[in-house]
Every structure is written in C-alpha cells, then in structure tokens.
Amino acid sequence: MNKRPSSASMPTSLKREYVPSADDVLVGWAQQGDTEAFEQLVFRHRDKIYARAMLMMRNEEEALDLSQEAWVKAWQRLHQFQGDSSFATWMTRIVINLCLDQIRRQKKTRSESIEQLEEDAGGVERQMPVEIINPTEGLEKTELRRRIDEAMSKLTDAHRAVLIMHEFDGLQYKEIADRIGISIGTVMSRLFYARRRLASLLQSLRRERAE
Amino acid sequence: MPSLTGWPVLAYRCLLATLLLPAAVLSEDFKVEARLVWGTNQPKPAGKPFTALDDPSRDKVRQFKWTNYWVVNTVVSPVPHGKPQRVNLSSKCAIDVNDLGNGNVEIRLFELKEGAEPKLVKPVQHSLKALKNGEFCILAGDDKKVWDDAWFVILTGGR
Amino acid sequence: MTQISQTIMKTETCLEIQAYVDGELDASRRAVVERLCATDSEARQLSDGLKALRSAVRANEPEIHVPESREFYWSQIQRRMSAASATAPTTDTGAAWTQWMRWLVPMAGAAAVVSLLTLPGREGQTTTTLASMSPAPTYSAPASSVIYRSDTDGVTVHWIN
C-alpha cells in the first residue's frame with residue numbers, strides 16, 4: 001500500500017512522488033485530506049475540465065468560474081468517488097452539471113435564438129433537405145479542430161450541450177436525457193439538428209476560406 | 001357629541017368604528033386569488049383544461065422568455081389573522097395566506113407529497129394594501145422535470 | 001469534399017438512422033435500418049455522412065488550455081475551498097443573486113436595483129423594468145430565492161432556487 005508522504009518531513013526531491021502516482025493513488029491520499037495530492041489531480045486534469053466548461057459556456061470568465069467551482073465540489077464530495085468510473089470522467093460530470101445549471105439560469109431571459117425556436121416548432125427545418133458533408137477531406141488536423149471549435153461556437157446552448165455530452169463525453173441518449181431533464185426524443189432531434197448545423201457551418205467555413 | 005379633535009363628528013364616529021372593529025373581520029372580507037401557471041413554449045396539451053393567462057397578467061411577466069403561460073388552476077384563499085387556511089393549488093403544492101396585522105400578509109408555499117407532511121418551501125410577505133390595489137405577488141421557479149419550463153404562482157387580490 | 005445526400009427524408013427516418021449510427025437501436029430495429037441503407041441510396045448516404053461527421057468531431061475535440069498559471073489557478077481553488085469549509089451549508093442568497101444577475105442583465109457591468117419588499121406608493125421610485133433591479137432583503141426561509149420588483153408594473157417576483 002502506498003504510504004502517504006508527509007511533505008514536512010520528506011526531502012524536497014521525494015515530494016515528486018505525487019507526480020508519477022496514478023489517479024487512484026492520488027485520490028486515495030486526497031480522500032484522507034492531502035491537499036497536495038488533490039492539487040496534483042487539479043494540475044493533471046485542469047485543461048480537460050476547463051475545456052469542457054469553455055466548450056459549453058463559450059465564455060472564458062464563466063468557464064474559469066465553473067471549472068474552479070467543479071474542483072471545489074469535487075473536494076467536498078471526494079468521499080463519494082468509488083472508482084466506478086475514471087476520476088476524469090467523474091470530474092467531467094461535475095463540471096457538465098454545473099454548466100447545465102448555469103445555462104438553465106441564463107435561459108430565463110428572452111435570448112433564445114431563432115434556430116432554437118424553429119427547431120422546437122418543428123417547422124421548416126423539418127422539411128429541409130439533409131446535407132451532411134465529410135469534413136475531414138483535405139483538412140489538416142489543427143485546422144479541422146479550429147473549424148470544429150468555431151462551428152460549435154455558433155450552435156445554440158441547447159444543441160451544443162447535447163453534442164458535447166454525446167460526442168466528447170460518450171454519454172448515451174438516455175443519460176443525456178436524464179442529465180438535462182428532457183425526453184430521449186428531444187435529445188435525438190437536438191443532436192441531429194446540431195450535427196446538421198455543424199456540417200452546414202463547416203461547409204460555410206470551407207467556402208469562406210476558399211474565396 | 002362634541003368633536004374632540006376638531007374633526008367633523010361623523011368622521012370621528014367612523015374612525016372610532018373602524019378602530020374598534022376586529023382586524024380579522026377586515027381581512028376576512030379580502031381574499032387572495034392564486035393561479036398556478038405553467039410557463040412553457042409548448043402548446044396546450046390535448047385534453048387538459050388549461051387556459052391561457054389573460055393579457056393584463058401576461059404583461060406582468062413579459063420579461064420572461066416563455067411563449068405560453070397556461071393557467072393550470074385557480075384558487076381563492078381567505079386572509080385570516082392568525083390562523084391561515086391551507087389551500088391546494090395542485091396535488092403537489094399548496095399555499096396559505098395570513099394577515100400579520102402589521103400591514104403585511106404572509107404567503108407560504110408548501111410542497112405536497114403523498115403520505116408526508118406538507119413541506120414549507122417558502123414564506124414571503126407582501127403589503128396587504130398593495131394587493132388590494134391590484135399588485136401582483138409572484139412565486140416562481142424552474143420546473144424540475146422539464147429543463148426549459150417554469151412554474152408560477154400568481155397572487156392577486158381576489159376578484 | 002464529398003457532399004452527400006440531397007433529399008427530403010422523413011424526420012423520423014433520419015433520427016432512426018442517426019440512432020443506428022450511434023449504436024442506440026436494438027437488434028430488430030438495427031436490422032431494419034441496415035436493410036433500408038442497403039436498398040436506399042439516400043439513407044445509406046445519410047448514414048455514411050453521419051458516421052464521417054461523428055468520427056471527425058470525436059477525433060478533433062478542440063484543444064483548450066486554462067489561461068492561468070498553475071499556481072494562480074490552484075490558489076483560486078484553494079481560496080474557494082477554504083471559504084466553502086468556513087461557511088455553514090445554508091443557502092447563499094448572495095451567490096444566487098450574482099448568478100441571477102446574469103439572467104436579467106446580460107451586459108457586463110449593468111446595475112440591478114430591487115426595491116424593498118414593502119408597501120407600495122414610495123413616491124418617486126422610477127424602477128421601470130425588471131432589468132433595473134437591486135437585491136432586496138430576503139426573509140429567512142427553507143429555500144433560497146431572489147426577489148425583484150417593478151414599481152411601475154406593480155409586480156414582485158420571488159424566484160425560488
């Protein structure tokens with residue numbers, strides 16, 4: 001069993017024992033109150049958690065606020081982590097829930113996009129031709145990532161949330177439905193609309209670059 | 001009867017009569033109407049006897065984003081002094097209204113669950129005079145089951 | 001660039017093809033969709049397009065990094081952890097109010113003014129819209145809430161968190 005080092009008594013060079021330790025070891029130490037172990041977890045996963053918040057909120061200040069809040073909640077609930085999933089997955093769920101709560105609060109005002117209203121109304125959009133492009137063709141990876149990021153920023157909160165949870169977090173329809181509080185049918189239609197819109201945006205970006 | 005304050009005699013007698021009347025009598029003449037309203041972009045569900053919120057009331061909630069405000073239920077609650085009477089708005093929520101005797105009424109919102117005691121969710125206070133003058137006191141919150149929807153309890157002076 | 005599929009397909013069919021691509025169908029429905037894709041070129045094109053898009057998006061999650069130094073980011077978290085452990089786990093109407101401001105005041109820096117929840121007729125009050133509110137004293141209650149009021153409209157809203 002790994003012995004938790006006492007940072008006060010150990011030589012500086014041995015404090016690096018945190019660095020090579022696996023997540024489950026660090027979690028075990030952190031659950032005993034070792035904040036240095038927790039800090040190592042934060043350092044290790046901060047980009048991923050921040051990135052998730054940034055993708056959801058599209059606002060740096062909010063993403064920083066929510067990602068930090070997620071770490072605080074994780075610290076408070078560390079005793080609940082049983083290792084059923086990876087620590088990164090567990091953290092991702094915490095930050096996603098915080099983002100969903102925040103989006104929900106922000107949706108009180110009349111700021112819904114026309115796209116959202118049209119999609120909910122099931123009007124013209126439902127009858128539009130389906131056009132899905134193959135976006136990988138001829139694109140270098142860095143450029144493709146940048147375009148995907150740019151296209152995602154143009155989606156509505158509702159569509160982007162479903163897309164992120166499905167594509168990047170690997171959640172199934174039912175898990176997404178339960179997390180957000182919508183029907184599975186709504187998850188499916190939002191995901192489809194998000195994908196179609198994403199493809200259309202990527203197409204538009206491609207044309208703009210070509211001109 | 002001579003006027004003690006310089007007021008006309010009739011006015012003085014009216015004032016005395018008003019002061020001598022128990023407060024409960026005054027308040028019990030006044031009732032509060034509570035409407036449970038569903039804020040949503042969804043159309044009215046088939047088969048449900050909901051009605052659309054009237055235009056003057058819609059104007060009061062115009063800052064909110066929803067397209068539709070369906071009145072799920074309307075109840076009238078007395079405003080006694082000291083012993084509020086709980087009135088159910090639905091199978092899941094209830095209110096009671098109490099005249100606090102200081103110019104304010106207290107409205108308490110309860111959550112109802114089968115087999116359990118009603119749980120106090122929120123007490124709020126509002127001016128009795130304001131309600132009598134037609135002001136709106138609204139309690140609201142997110143619909144826990146539907147992400148985009150909200151519930152409202154709209155309280156006004158009884159019609 | 002491969003541009004795929006230009007047709008008007010029933011939405012339900014599209015969603016089922018999507019569910020097939022996402023592995024959400026049971027065996028019987030999966031077989032139905034596979035037969036459809038084998039016989040209908042447009043259905044097959046949609047299926048192929050969705051698979052390509054799905055693979056591309058999953059393989060190209062945007063790379064985003066925390067825009068703060070390790071030390072600074074951690075110091076912020078530590079501060080919050082200390083504050084969280086120091087305060088009682090009661091409702092924080094202050095924080096809730098800050099978040100509520102984001103609902104009604106989308107522009108940064110806009111002030112919100114809420115008048116006290118008392119008698120009306122405070123002459124001279126010029127609060128005209130729900131957007132121009134300020135925090136009002138909240139009453140102790142089991143649930144936290146944020147109150148805003150419009151004198152002009154004669155309405156007070158208690159939003160219960």
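**Chain confidence, helix packing and selected residues**

H1(C) is followed by Gly23(C), a residue with a positive phi, near 70°. Within helix H1 (residues 11-21) of chain C, the buried residues are Cys14(C), Glu16(C), Ile17(C), Gln18(C), Ala19(C), Tyr20(C) and Val21(C). A residue is termed buried if 20 or more other C-beta atoms lie within 10 Å of its own, exposed if 12 or fewer do, and partly exposed in between, with C-beta atoms placed from the backbone. Helices (H or I, at least four residues) and strands (E, at least two) are DSSP runs numbered from the N terminus.

The structure is a predicted model, in which local features need pLDDT of at least 70 and side-chain atom pairs count only at pLDDT 80 or more, while totals for chains, interfaces and linings use all residues. Residues are numbered from 1 along each chain as its sequence is written, and chains are lettered from A and ligands numbered from 1 in the order in which they are written.

Confidence was examined for chain A. The pLDDT, the predictor's confidence in each residue on a scale from 0 to 100, has a mean of 79 in chain A, where 73% of the residues reach 70 or more. In this chain, the highest confidence belongs to helix H3 (residues 60-76) of chain A, at a mean of 95, and the lowest to helix H6 (residues 124-127) of chain A, at 40. The pLDDT is below 50 over residues 1-16 of chain A, a stretch with 11 contacts in the model beyond near neighbours in sequence. It is also below 50 over residues 110-130 of chain A, for which the model has 26 contacts beyond near neighbours in sequence. Two residues are in contact if their C-beta atoms, placed from the backbone, lie within 7 Å.

Chains B and C were described by their elements. Chain B comprises 4 helices and 9 strands, arranged along the sequence as α-α-β-β-α-β-β-β-β-β-α-β-β. Chain B has 159 residues, of which 31% count as buried. Among contacts in chain B with a separation of 6 or more, 47% join residues 24 or more positions apart. Chain C comprises 5 helices and 3 strands, in the order β-α-α-α-α-α-β-β from the N terminus on. Of its 161 residues, 27% count as buried. In chain C, residues 24 or more positions apart account for 47% of the contacts with a separation of 6 or more.

Helix packing was then considered. Two packed helices are described by the angle between their axes and the distance between the axes. Axes are lines fitted to C-alpha atoms, for helices over the stretch in contact, and angles run from 0 to 180 degrees between N-to-C directions. Within chain A, H3(A) and H4(A) pack with their axes 9 Å apart, at an angle of about 130°. H3(A) is therefore oblique to H4(A); angles under 35 degrees count as roughly parallel, over 145 as roughly antiparallel, 65 to 115 as roughly perpendicular and the rest as oblique. H3(A) passes H4(A) in a right-handed crossing, the near helix being turned clockwise from the far one by less than a right angle, whereas an anticlockwise turn defines a left-handed crossing. The contact involves Glu62(A), Leu66(A), Ser67(A), Glu69(A), Ala70(A), Lys73(A) and Ala74(A) of H3(A), together with Met91(A), Ile94(A), Val95(A), Leu98(A), Cys99(A) and Gln102(A) of H4(A). These residues divide into 8 nonpolar, 2 polar and 3 charged, where Ala, Val, Leu, Ile, Met, Phe, Trp, Tyr, Cys and Pro count as nonpolar, Asp, Glu, Lys and Arg as charged, and the others, Gly among them, as polar.

One residue of this contact, Ile94(A), lies in helix H4 (residues 87-106) of chain A. Ile94(A) counts as buried because it has 20 C-beta neighbours inside 10 Å. Not counting residues up to four places away in sequence, Ile94(A) touches Ala70(A), Lys73(A) and Ala74(A). From C-alpha to C-alpha, Ile94(A) and Glu69(A) are 9.3 Å apart, with their positions 25 residues apart in sequence.

A helix pair also spans chains A and C. Helix H2 (residues 35-57) of chain A packs with helix H4 (residues 70-86) of chain C at an angle of about 120°, the axes being 11 Å apart. H2(A) and H4(C) are therefore oblique to each other, and the crossing is right-handed. Glu39(A), Val42(A), Phe43(A) and Arg46(A) of H2(A) make the contact with Arg70(C), Tyr73(C), Trp74(C) and Ile77(C) of H4(C).
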